[in-house]
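Dear colleague,

Please find the structure below, handed over for your study. My notes on it follow directly after.

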Amino acid sequence: MQSPLYCATMRNFVTPEMADVAMQAARDVASLYPGTVTLALDGNFPFFTGFPLLPHLSHDDGTKLDFAYFYTDPNGNYLPGQTRSPVGYWAFEHRGEETCPPVRPTLRWNMGWLAPLWPDRPIDPDRTSALGRALLDDPTVEKVFIEPALAADLGLQSDKLRFQGCRAARHDDHIHVQLAPSS
Ligand SMILES: [Zn+2]
């Protein structure tokens, strides 16, 4: 987990299958780039299926998990275990802004007032791409949400790559993964 806060607030629960997917993806990235620390963000609450983890309406059954991007210092050196924002979310890459017209209501927050607080930490494209690839290649993964322009920049292509739509939370600050719903 990116922060002990996720555990303290019980936002880190997933099914055993999702845990396996996360562990295997982390191993895949670390085998390509030794020393890489893959960080999970919001999972699900440990309550009954259908209990949503706000503000992620879909995180309600243990088959959804978010991952942080990897970041470097301003010189391009990988920063193990560190994110750009203190919680992993909301440090938006601002790619593909033109994709969405301003619609209301929307969960596509910009959090622009927070942006000046973030340190200068460029995304690590190699490691982030490797994580995306590992998740997309996992046969148990059904969908991966990354903002389309960013996915293109990372060289990711797959039928599993989806755009969440303009009213949903944006995905240029984290990777969202979901398995097929359990029957
Ligand atoms: Zn998510």
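Along the chain, the donors of the zinc ion follow the spacing H-x6-D-x109-H. Donors here are N, O and S atoms within 2.8 Å of the metal (3.2 Å for Na, K and Ca); water is not among the atoms, so sites may look incomplete. This is a predicted model, in which local features need pLDDT of at least 70 and side-chain atom pairs count only at pLDDT 80 or more, while totals for chains, interfaces and linings use all residues. Residues are numbered from 1 along each chain as its sequence is written, and side-chain values use heavy atoms, with hydrogens and water left out.

The protein donors of the zinc ion are His-59 (NE2), Asp-66 (OD) and His-176 (ND1), which lie 2.0 to 2.1 Å from the ion. His-59 is buried, at a relative accessible area of 1%, and Asp-66 is buried as well, at 0%. Buried means under 20% relative accessible area, exposed over 50%, and partly exposed in between (1.4 Å probe, protein chains only).

Two further residues concern the backbone. Most residues other than glycine have a negative phi. Met-10, although not a glycine, has a positive phi of about 60°. Met-10 sits in the loop between α1 (4-8) and α2 (16-32); helices (H or I, at least four residues) and strands (E, at least two) are DSSP runs, numbered from the N terminus. With 34% relative accessibility, Met-10 is partly exposed.

Trp-90, also not a glycine, has a positive phi of about 80°. Trp-90 is found in the loop between β1 (64-68) and α3 (125-137), and is partly exposed at 32% relative accessibility.

Yours sincerely
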